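Here's a short set of exercises to work through with the viewer open. Try each task before you read its solution.

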Amino acid sequence: ITIPQGKGPFPAVLLITGSGQQNRDEELFGHKPFAVIADYLTRKGYIVMRVDDRGVGQTTGDALDATTADFAKDVNVGVDYLRSRKEVNKRKVGLMGHSEGGIIAPMVASERKDIDFIVLLAGAGVKMPQLMEEQSAAILEGTTADQDVVKQYRQLYRSMEDAILKASDSDDARNRITLTLDAWVKKTPASIVEKVGLNKENVQQEYIKTFTGKYTNKWFHYLLTIDPKPYLEKLSCKVLAINGSKDVQVVAKTNLAGIKQALAKSKSKAYEVKE
C-alpha cells in the first residue's frame with residue numbers, strides 16, 4: 001500500500017493484474033507497470049494497493065487450480081481490506097484492472113454497491129473466443145502480410161476453440177481437436193498450410209497436444225466461457241476504459257466498441273471509452 005502525504009482520508013484504488021502469475025508490480029520483462037502507476041497515483045492523492053497473485057511472492061494459494069472467478073474473490077478480499085483502513089475514504093474506493101484484470105474489475109463492481117469507479121486497461125468487450133481469435137490473427141499479421149493466410153488461420157483457431165467448448169472430457173477434446181485440424185488441412189490450400197507451419201506431422205501433433213492442454217487447463221477453459229458484456233451492463237459506478245491501438249493481445253477497435261455498447265445499457269452515469 002502506498003499512502004499520500006497529508007491528512008486523509010484519501011480515495012483508494014486496488015490494482016488487478018492480467019493473465020498469468022505476476023507479482024504486485026505486474027513485473028514483465030524487467031518493467032514494473034503497476035509500480036509506476038502506483039507511484040503516479042499516490043503523488044496525485046490516491047491510496048494504491050498492489051497484491052502479489054496467488055502463489056507469487058508473499059501470497060499463498062494454488063493458482064494452477066484457480067479460475068477468473070476465484071481471482072475475483074481475491075479482489076473482493078482486497079477491497080474489504082482497503083475499506084477497513086482508517087486512511088481510506090470509503091465512498092471513493094475503485095478498481096484498476098489490466099487485461100484479465102479488466103474483466104475481473106467489472107465482475108466485482110457489478111456485484112458490489114461500494115465501488116465508486118473502475119479503470120479498464122486493455123479490458124475485454126467481446127466474448128473470449130472472439131477476443132482470442134482476433135488476438136491470434138493480429139499476432140500472425142505481425143509476421144505475414146498475406147491476408148489469405150490470416151483469414152484461413154482465424155477459421156482454424158475458432159474451430160479449435162469450439163472443439164474445446166464442446167468436448168466432454170480430455171479424450172473427447174483430443175479427438176475433436178484432431179478431427180478439426182485434419183479437416184482444416186484437407187480443405188485449405190497446401191501453400192497456406194505450409195505458411196502457417198502445419199504441413200508437417202510432428203508440428204501437427206504438437207499443435208493437437210497444445211490445444212488438448214488448453215482443454216485440461218481449468219483456468220483457460222473457464223476463460224473461454226466468459227462474456228464481459230453482462231457484467232459491464234450491470235455497472236452503476238464511474239468507468240474509464242483505455243485500450244492501445246498497437247495492442248495485439250486485446251484488439252482495441254472491437255473490444256472498445258463492445259465496452260461502449262454495454263456501458264450505454266448500464267446505470268453508469270459517467271463513463272469514458274478511449275483508444
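**Exercise 1. Find the residues nearest the centre of the largest pocket, then work out what lines it.**

Solution. Bear in mind that you're looking at a predicted model.

- Step 1: start at the centre. Thr17, Asp53, Arg54, Phe71 and Asp74 lie nearest to it, out of 26 lining residues.
- Step 2: ask which elements supply the wall. Strand 1 and helix 2 (68-84) are the elements that give two or more residues to this lining.
- Step 3: pick the main contributor. That's helix 2, which gives the most, with five residues.
- Step 4: sort the lining by class. You should get eleven nonpolar, ten polar and five charged residues.
- Step 5: put a volume on it. The largest pocket comes out at about 540 Å³.

**Exercise 2. Do the same for the second largest pocket.**

Solution.

- Step 1: the volume here is about 380 Å³.
- Step 2: count the lining, and you get 23 residues, with Ser19, Ser99, Glu100, Gln135 and Gln249 nearest the centre.
- Step 3: look for helices in the wall. Helix 4 (128-141) and helix 9 (218-224) each supply at least two residues.
- Step 4: find the top contributor to this lining. Helix 4 gives the most, with four residues.
- Step 5: split the lining by class, which yields twelve nonpolar, seven polar and four charged residues.

**Exercise 3. Trace the sheet: what is the strand order, and which strands stand at the edges?**

Solution.

- Step 1: walk across the sheet. Its six strands follow the order 2-1-3-4-5-6, the pairing is parallel, and the sheet is open.
- Step 2: check the two ends of that order. Strand 2 (47-49) and strand 6 (271-274) each have a single partner strand, so one side of each has no neighbour in the sheet.
- Step 3: add the twist, which averages 15° from one strand to the next.

**Exercise 4. Zoom in on strand 1: how is it joined to strand 2, and which helix lies across both?**

Solution.

- Step 1: count the links. Strand 1 (residues 10-16) runs parallel to strand 2, and three bridges join them.
- Step 2: locate one specific pair. Start from Ala12, and its bridge partner in strand 2 turns out to be Ile47.
- Step 3: bring in the helix. Helix 1 (residues 33-43) lies across strand 1 and strand 2, and also across strand 3 (88-98) and strand 4 (117-121).
- Step 4: get the angle. Helix 1 runs at about 170° to strand 1.

Key
Residues numbered from 1 in each chain as written. Predicted model: local features only at pLDDT ≥ 70, side-chain atom pairs only at ≥ 80, totals over all residues. Heavy atoms only, no water. Pairing = 2+ DSSP bridges. Axes fitted to C-alpha atoms, helices over the stretch in contact; angles between N-to-C directions. Contact = heavy atoms within 4.5 Å. 1 Å grid on protein atoms, 1.4 Å probe; cavity = no way out; pocket = protein on both sides within 12 Å on 5 of 7 lines; lining within 4 Å. Points joined across faces, edges and corners; volume = space filled by probe spheres on them. Nonpolar A, V, L, I, M, F, W, Y, C, P; charged D, E, K, R; others polar.
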